[in-house]
Structures are given as C-alpha cells and as structure tokens.
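The following questions and answers examine one protein model step by step. Please keep the sequence and the structure in view while reading.

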Amino acid sequence: MKPEKTRSKLFNRRAALLLGGKMLLLGGLGARLYYLQVVESERYKMLAEENRINFRLLPPPRGFITDRNGDYLAINIQNYRLVLVPEQAKDAGGVEATLVKLSRLIDLPDHDLKRVLREVKRRRAFVPITVRENLSWEEVSRIGVNAPELPGVNIDVGQTRHYPYGPNMAHVIGYVGAVSEKELAASEDPLLELPGFRIGKNGIEKAYDQALRGAAGTSQVEVNALGRVIRELRRQEGQPGHEVRLTLDMRLQDFIGERLKGEKAASVVVMDVHTGAVRALVSIPSYDPNAFSEGLRTEEWRALVNNPYHPLTNKAIAGQYSPGSVFKMTVALAALENGVSRDHRVFCPGYMELGDRRFHCWKRWGHGEMDMVSAIEESCDVWFYDVARRVGVDRIAAMAKRLGLGERTGIDLVGERAGLIPTRAWKRAALGQPWHMGESLVVGIGQGYVLTTPLQLAVSTARLVNGGKAVTPHLTLNHYEDAVVRPRERATFPDVGIPEAHLAVMREAMDAAVNGERGTARASRLRGVEAEMGGKTGTSQVRRITQAERDAGMRDDDEIAWRLRDHALFAGYAPAHDPRYVVSVVVEHGGGGSTAAAPIARDVLEEVLRIEGRAISDAGDAPDLPARGEGAG
Amino acid sequence: MRVRHGELRAPELTLGQKFWQVNWGLLLLVSACAGVGVAMLYSAANGEWDPWASRHAVRFGVGVGAMLVVALIDIRLWMRYAYAIYAIALVLLVAVEVAGDIGMGAQRWIDLRVIQLQPSEIMKIAMVLALARYFHTLNVDDVGRVAPLITPVLLVAAPVVLILRQPDLGTAIMLAVGSAVLFFLAGVRLWKFALVGMGALASLPVAWSFLHEYQKKRILTFLDPERDPLGSGYHILQSKIAMGSGGMTGKGFMSGTQSHLNFLPEKQTDFIFTMLAEEFGLVGGAALIGLYALIMIYGFAIAVRARSQFARLLGMGVTTTFSLYVFINIAMVMGVIPVVGVPLPLVSYGGTAMLTVMLGLGLLMNVYVHRDTRIGRRWSDSG
C-alpha cells in the first residue's frame, strides 16, 4: 500500500504542477490576445482597412467644345469595347473556343487574338480583357444576339473624343492624347495617372485643358484578398468638365475651308475689329484629329510630319511670312508721325538708286508721281523706299510694335510665334553687323528681315480701323481660370496713340486700294452685299530675283517651281465706312496678293456679312431672345 | 509487491450503471466547444451550413457516440490491448513511410475509403495508452533508475523519428512533449529531464541540418516575419491583423471583414481561432480559452480522483495531448510560435483531428467511469 500511496502522492503533486503550468500558458495566451486586440488594436484596425479598401478614381466626362452658335466641335462618343472575362468563359470551353466563336461574328485580327491569349495567362481570371475596341453598331448587335453562347463576353462602353468637323477645325480645337511622363511629373492631378486617360495636346483642347477636364470623383470599394471588388462603400461624384464655347462661327469656318480647297497651303483669319473675337481661323492643309484620339499609327504620324505642306502647323498663328506691301500702312503711319505729310510726293521711274544699287518697284515702268494715298492704292514701292530712308528702320519698328507686329498676340492657343521686326540694335545683337541704309528700304516694303503671322496682320489691320484701340484676339466666349468660368467682359483696350487724322488717311488709302480706279485689289470689290471692303494686298518674295531674270522679263510665276513662288497676302476689313470685321489671307507661294489672296478675302468678307445679315434678321423675327454671347460691336 | 485480493475491490458495474457514471459536465463543456466550432464554420461559409458547419455537427455527433463507446469499455481491456494498439499504430506509420517512398513526396494518410486515416494522430492516443501501461506496471523504485527508462524512451523515439521523416515537425513535437509529460507524471527525476533537454539543445545544430528547406524557412520567417510578407509570413501577419482589428468586442457574427474577404488563410481549419477573435473580439477569444481551461481542470480532477496509476496517467495524458493542440494552435495564430499545421480541437474543421480528440476525451471519460476500478500491477493480477 505504501509505495502505491507514494506513487499517487507524487502523481498528484506533479499533476497539480502540470495543471498550474497549463493555466499559466493559457494566461499567457490570454495576455497575448489582450495585447493584440486592445493595446495594438488601432494599428491593426488601420492595417485591416488598408487591406480591404481600395480607392478608385472616377474620370469625369470631358467638357464639350462648341462654336458661337452652340454647334458641337468636340464631343465624347461612346466607344464600344469587346471585353472577355476568362473565368466566365470556362463553361463554354475556355477562352480559345470563345475567341474562335467571336472571330466568326466579327473581324478579329490575328495579333489581337495573340495579345488576348497572352494577357489571359498574365492576369487574374476575373479581370476583364479588352478583345477589340471601336466596335460598330452592327458588330455590337451581332454579339448581342449571340450572347447566350458567349459566356464571359461583354460589351463595355467607354468614351472617345470625337471631332465632328474633322480636319476643318483641327488647328483650333487640337486633339487629346495619352499623358506623357513629363506632363505626369508636372501635375498634381491624380486623374493623369489613370491608365488610358487623355489630356489636351494641342489647340483649345490644350489651352483650356483644366476647364475641359473637370475634377475626378472617387469610389471606395471593398476588395478581397485577390483584389476582386466585392462592393462599393462610398462614392463621390466628380465634376464634369466645362463646356467651352468658342467665338468661332462653324459656318464661316466651313465656308473658308471649302473656299481654300484649290490651294496647297494657306491660312485665313477673321476677327471682330472691336472685341478681338476670332470668327474663323483656318490653316490648310490640315489633319484629322479623330485619328489622334483613336491612336495614330507610326506610319501615319511620319506621313504627317514629312508632308511638305506642314499639315500639323497652324499657319495662322505659327506661319511667319514677310508681310510685303501689307506692311506699307505701318511705314506710312510711322512717316506721318515723323513729319512726312500725306502729300509728300515722290516720282517713281520704276526703281530707286541708292549708292550703286538699284531698288526696283514691282511695276517695271514706274508709277509716275505718287503721294501717300496713291502709293498705298497702287502699292508703289519707290515712294516707300524714299519714306523708309527718311524715317529710318527704328521708327518703323516702333510703329510696328504698337500695331502688334513682331510679338505674340496672346491668343488662347498654344504654339503661337512672334515673327520679327528688325531694328538696328537687333541686327547688331543677332548678326553682329551694322545696319545698312539699303535694308531700311527693303523693310519699307515689308521684305527682308520682317516676319509676321497672318493673325498679327489681322490684329494690326484691326487696330488701324477700329479707332486705334490695341485690340487683342481671343477664341472663347468665357474666361476659364482653372475651373472657374466667368463671362468675358467687354474688354476696353488701351489706345495705340495714333491720331485719328492719321488713321483716316490709312482708311482712305485702303479703301482706294480696293475700290479706287487704280487699286491693286480693284478686281476683288465686294459684290452682292451693300458694303464695301478696304484692304491691302501684299506679295512677299521668297527669293531674290536676279538681274538676269529681270532682264529676261521672267516674272511669270507659272514658270517657277511652286516652292520658289511668292507668297500672296491680303489684309482687309468691311464694311469700309464702319469697319467691323477684319480678314487676313496668306496663300503660300500663291503668286501675287491681288490675284491669289484678295479674291479669297472678298469671298470671306461677303460671307461674314451675309451671316451677320441673317443673324440680324433672325433677331428681328424673335426680338425677345436674349442676346447670346458678345455682340458684333 | 503483493496485491491484496478481494478487499476493497470496487463492485463491478453493469453497462447501464456505467452509463449513469458518465461525466455530464465534461460532455457539456466539450459540446459547448463544438458548438462554437459549428457557429464559426457557419460564418466562414458566409452564412451557409454547407460545406463545413453541418458536416462538423454530424461528425461531432458521431464523435460523441464513439466517445461514449470508448468510455464504457472496461478500462482493463484498454490496458490489456494498450501495447497491441501501439503496435498497430506503429505498423501503420511504417506503412505510410513505405508508401510515401513509393509515391512522391510527403504522405501522412492511409485511405480507408470511409475515412482517411492519419496514423500519426492514432499514435498520439496509442502512445498515451502504451506509456500509461508501462509506468503502471513499473515498480515505484524502478522509476528512479535509468535502465527501466530505456524501453519507454525507445517506445517514444520510434514513432517520433518516423513522423519527423514524413516530415511533420508539429506532430513529432506534440508526441515528444506529450510523452515527456507522462514520464514526468510517472515520477522520473527532474534532473533527467534537464539532462535530456540540454542534450537536445546541444544537438540543435545537427537537427537543423536535417530539417527540410521549407521547415527552415518557416522557422526563419517566424523569427522575422518581415522577411517574406507575401509568403509564409503573410499568414501570420494577416492573422494578427484580423485578430487585432477585432478589438475588445469584435466586428460581430458573420461580419469579420478580413476573414470573409479571404485575407485570412485557412480560416475554416487552422486559423479558425483568428476568425472567432475577429468577429467576437477579446471577449469571444477569452471565453473559448476559458472553456478549454475548464476542460483541462476537469481532466486534472478526473485523473487525480482515479485509483489506479494506469487510469491517472491515461487521464492526465489525454488531457495533456488535448491541451497541446490548444496551446500550439492558439500560439501559432497569435504569432507566438511558427506556423505548424495543428488544428484547434473541437472547433477546427477536419475529420481525423475530431476523431482523435473524441477518442482521447472518451478515454478521459473512461477514466472517470472506472475511477474506482483497481488494476493489478500486472495484467494477470487484476484478474
């Protein structure tokens, strides 16, 4: 009995010890549980939320762009995409069998099929894979009808930017494209990080990108361990992009595009002389901006870049041309301001001699006796050689600057160029050479170093005929600062500081150039509208005419290769007695301003006045309608 | 040692009488744990009885039946067949070892069609029976000597080595520790444990070189979970996140975000405690730990009340095996020890573990029912 008792005593003691140990261990586990769930709880709660909640950005729809009448110039169209969820396709024999069925219904290129099969291997089975984009309605319905046999196949609706007027508006509207690394680094907007997000790359799309873009919404979704979305927890809608309304008139823009059909490279600007509202801005050749938003292929891009007529350049704001005789009003105003009277007379024998050089007038046999008005009317070069020599290049340059030449006008587009108005100081700094008197003579007829853009020509002409106000151009009816919109107030432009008497001489001379007996643009007087046009032709030499050619009488442009021909220019306004619209036309290598540019300007101004007449009679029919946008001034 | 016959021998009980001797309190505690399991499995399936909760309930029901059968079989029969059961378990272990060599990779299962048998689980029970019988028959004085300890050490070493070769580190450790506890209860001197412990410590570097690559990785990941936050460390980290985010009172039944969104791995088996702690918080976790503590106390009380050494060792032995399941599982999901595949008894989904645990608890119940049965030192003595 005794050993048995010892044994049970020993057992009891040790069993009690063991139980104590177990309780201690359980206590330890309890303490650990307390530590995890109470002491460290906040940290783990945060980690748990991070685990399960994902933020998703909701891209806002991009704002539309309309013309002054509300015509849509840039819209978002639905882009039907065919997507395939691999895990759902399993029941129908897998992804490959489904693709085979699909290729019987719609056109599926081989490389698309290969890409899909590649992606299936890489992605998780519940992630939809895009099989094809830009499905037509017919294809969508064909797939819809066969949907029961195609599990896992869905039609997804995305949005693509669409430009209904295509190439006609491309230079003004621009286009959208994928975000570049540089743009991503420069912006704080998280939207740019969205795959497939597109931002304005050119034109209005770029200049007003902030306003058009809108603000992103957010969606908080709960995801499981594999990243599959379980449900949406919270959703904050974004702010859709603003509609941007332009001062452009689509009908006019279309008319000009149609009118320029026969030309290879040209640009036209129509602007309100008082407000600076641009009514039309055309540059040809153009390109299809829709190709850009759908994604351009490398060959297409290369073709655009290598095109000798430079379709990607907006020539109205970035084409720099010597203004030729269009520059003569600037020279004349500088002369008036520096004591040369309008009656200053110069005899034109067809040339002027300076030292041992002979400067020719365009009219080989000379104009005879010229004063200021007749020199502009007939575009006599010799009169301007004489005046330019008297006034000097720096005074001419100062007047050019006041009229807005040689510097950017500040129009709300990207890529505008400044042109160039030479001065003595400029030549010394840029070329390191002294100024020669002969160069002043050349500047006097708008040749040589002088470079202007078609838009600058329109702006400077507007300043001549609007009472000397320093008008600047713009393209939108409203102001957009970031995302705040306010109506554009009627700007009060500062005075250029030219006496009305001087401006009156210019109007008289430009009137005469179109309507006078000997006017260079007499053939382009307005017809069929009760108004007249004033304006000035210009022909800008692309290369020097050699003495040999002059002697041979070879002035006919038809005999010269296109790229060596003169540029044809015209800047004009209408109505002549009360100017409201200014137009500038540049036809690259078009030959003479009076034959190539002035007729275009005439047709455009006639159309402008016709459109205005219709608008007035419309307003007459419905007098209660509030005036839309800004008035014609 | 003489055994007195005839005196104070407990009256033989009929089966009906025995039935009323069943410890209903213990059965209640066990059922409570299984109930927690059913509830958590119901939640794990997002409020569906399928596929886990209903089967778990059925298995528990079958398990209770098995437990009662085990409890009512005469304890002397268990002692008589203790070595036989051990031998069968050992043969099965060898069988899976051989099959494992033929087939590829680690094999731990024997497919009996009805149930997949895991010999290492059976061995946990068989080992307790065999050691209890050995120490029951051992002379008290002999426990103090070294020579009589050689046989039981070999009894333990054989299956431990076999299981280590499978390789199943968790089960091997459980088996070794459970056996050591029996040695301790039988009265083996503490310095001998210290000696063996030191020897084991010294041989650690050698053992390390025998470990499989994945086992080494698990231990290293445990020591520094940040090593591999998406691999092995991911489980521990996600378990801690789920548990910690449960807070004091939890996120509510069926509302555990981490477990329901599958951030929590193996939520229906090894990590079910985490799910409980996430949905019911510290309160729920502590309550389950409390239930387990009560079962351990019951086990202790039953063991010390028994009259025979065999019954005492058996009772304490199976209770300890049960406790080891609890400790290892909970410590693992809390990130206290490395991830080893040990389920939470009565709560985790899984057939074999349920069977082992219910058989073990049946033996504990058996000890209670036969608490007054006297067993001779030798089988023949007990008549």
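Q: Is Glu500(A) buried, partly exposed or exposed?
A: The model is a predicted one. Buried would require under 20% relative accessible area, and exposed would require over 50%. Glu500(A) has 42% relative accessibility, so it counts as partly exposed.

Q: With which residue does Glu500(A) form a salt bridge?
A: The closest N and O atoms of the pair are 2.8 Å apart, and a salt bridge requires such atoms within 4 Å. The partner is itself partly exposed, because its relative accessibility is 23%. The residue that pairs with Glu500(A) is Arg507(A).

Q: How far apart are the closest N and O atoms in the salt bridge of Asp249(A) with Arg251(A)?
A: Asp249(A) is buried, with a relative accessible area of 4%. Arg251(A) is partly exposed, with a relative accessible area of 39%. The closest N and O atoms of these two residues are separated by 3.4 Å.

Q: Why are Glu121(B) and Lys124(B) separated by about one helical turn?
A: The two residues form a salt bridge, with their closest N and O atoms 2.8 Å apart. Glu121(B) is buried at a relative accessible area of 7%, and Lys124(B) is buried at 4%. They are about one helical turn apart because they lie three residues apart in helix H6 of chain B.

Q: Which residues are joined into one network by salt bridges that share partners?
A: Over all chains, the count comes to 35 salt bridges. Salt bridges with shared partners link residues of chain A into one network, and its members are Arg62(A), Arg161(A), Glu205(A), Asp209(A) and Arg213(A).

Q: Which residue has its backbone oxygen 3.3 Å from a polar atom of the side chain of Ser283(A)?
A: Ser283(A) belongs to strand S12 of chain A, residues 278-284. It is buried, because its relative accessible area is 4%. Leaving aside neighbours within four places in sequence, its contacts include His171(A), Ala266(A) and Asn314(A). The backbone oxygen at 3.3 Å from its side chain is that of Thr313(A).

Q: What area is buried between domain 1 of chain A and domain 2 of chain A?
A: Domain 1 of chain A spans 57-245, and domain 2 spans 250-621. Their centres, taken over C-alpha atoms, are 45 Å apart, and the contact takes 34 residues from domain 1 and 32 residues from domain 2. Carbon and sulfur atoms give 59% of the buried area, which is about 2,900 Å².

Q: How many residue pairs are in polar contact between domain 1 of chain A and domain 2 of chain A?
A: The rule finds zero salt bridges across this interface. Polar contacts are a separate count, taken with both residues at pLDDT 80 or more, and the number of residue pairs is 14.

Q: Which element gives the largest share of the side of domain 1 of chain A that touches domain 2 of chain A?
A: Several elements of chain A each supply at least two residues of this side, among them strand S5 (153-162), helix H7 (170-173) and helix H10 (209-213). The largest share is four residues, and it comes from H9(A).

Q: What area is buried between chain A and chain B?
A: The size of an interface is often given as the accessible area lost when the parts come together. Here the contact takes 37 residues from chain A and 60 residues from chain B. Carbon and sulfur atoms give 72% of the buried area, which is about 4,100 Å².

Q: Which residues of chain A lose the most area to chain B?
A: On the side of chain A, three residues together account for 20% of what is buried. They are Arg7(A), Phe11(A) and Arg14(A).

Q: Which element gives the most residues to the side of chain A that touches chain B?
A: Between the two chains there are zero salt bridges, while 13 residue pairs are in polar contact, both residues being at pLDDT 80 or more. Helix H1 (2-39), helix H2 (41-52) and strand S8 (217-223) of chain A give two or more residues each to this side. The element that gives the most, with 25 residues, is H1(A).

Q: Which residues have the most contacts inside the largest nonpolar core?
A: This core has 125 residues. One of the two residues sought is in contact with Leu33(A), Met243(B) and Leu288(B), among others. The two residues with the most contacts inside the core are Phe273(B) and Leu346(B).

How values were computed. Residues are numbered from 1 along each chain as its sequence is written. Chains are lettered from A and ligands numbered from 1 in the order in which they are written. This is a predicted model: local features need pLDDT of at least 70, side-chain atom pairs count only at pLDDT 80 or more; totals for chains, interfaces and linings use all residues. Side-chain values use heavy atoms; hydrogens and water are left out. A nonpolar core is a set of buried Ala, Val, Leu, Ile, Met, Phe, Trp, Tyr and Cys residues joined through side-chain atoms within 4.5 Å. Buried means under 20% relative accessible area, exposed over 50%, partly exposed in between (1.4 Å probe, protein chains only). Contact means heavy atoms within 4.5 Å. Domain bounds come from an automatic or database domain assignment. Buried area is the accessible area (1.4 Å probe) that two parts lose on being put together, summed over both. A salt bridge is a side-chain nitrogen of Lys or Arg within 4 Å of a carboxyl oxygen of Asp or Glu. A polar contact is a pair of N or O atoms within 3.5 Å; within protein, one must be able to donate a hydrogen and the other to accept it, and residues adjacent in sequence count only if both atoms are side-chain atoms.
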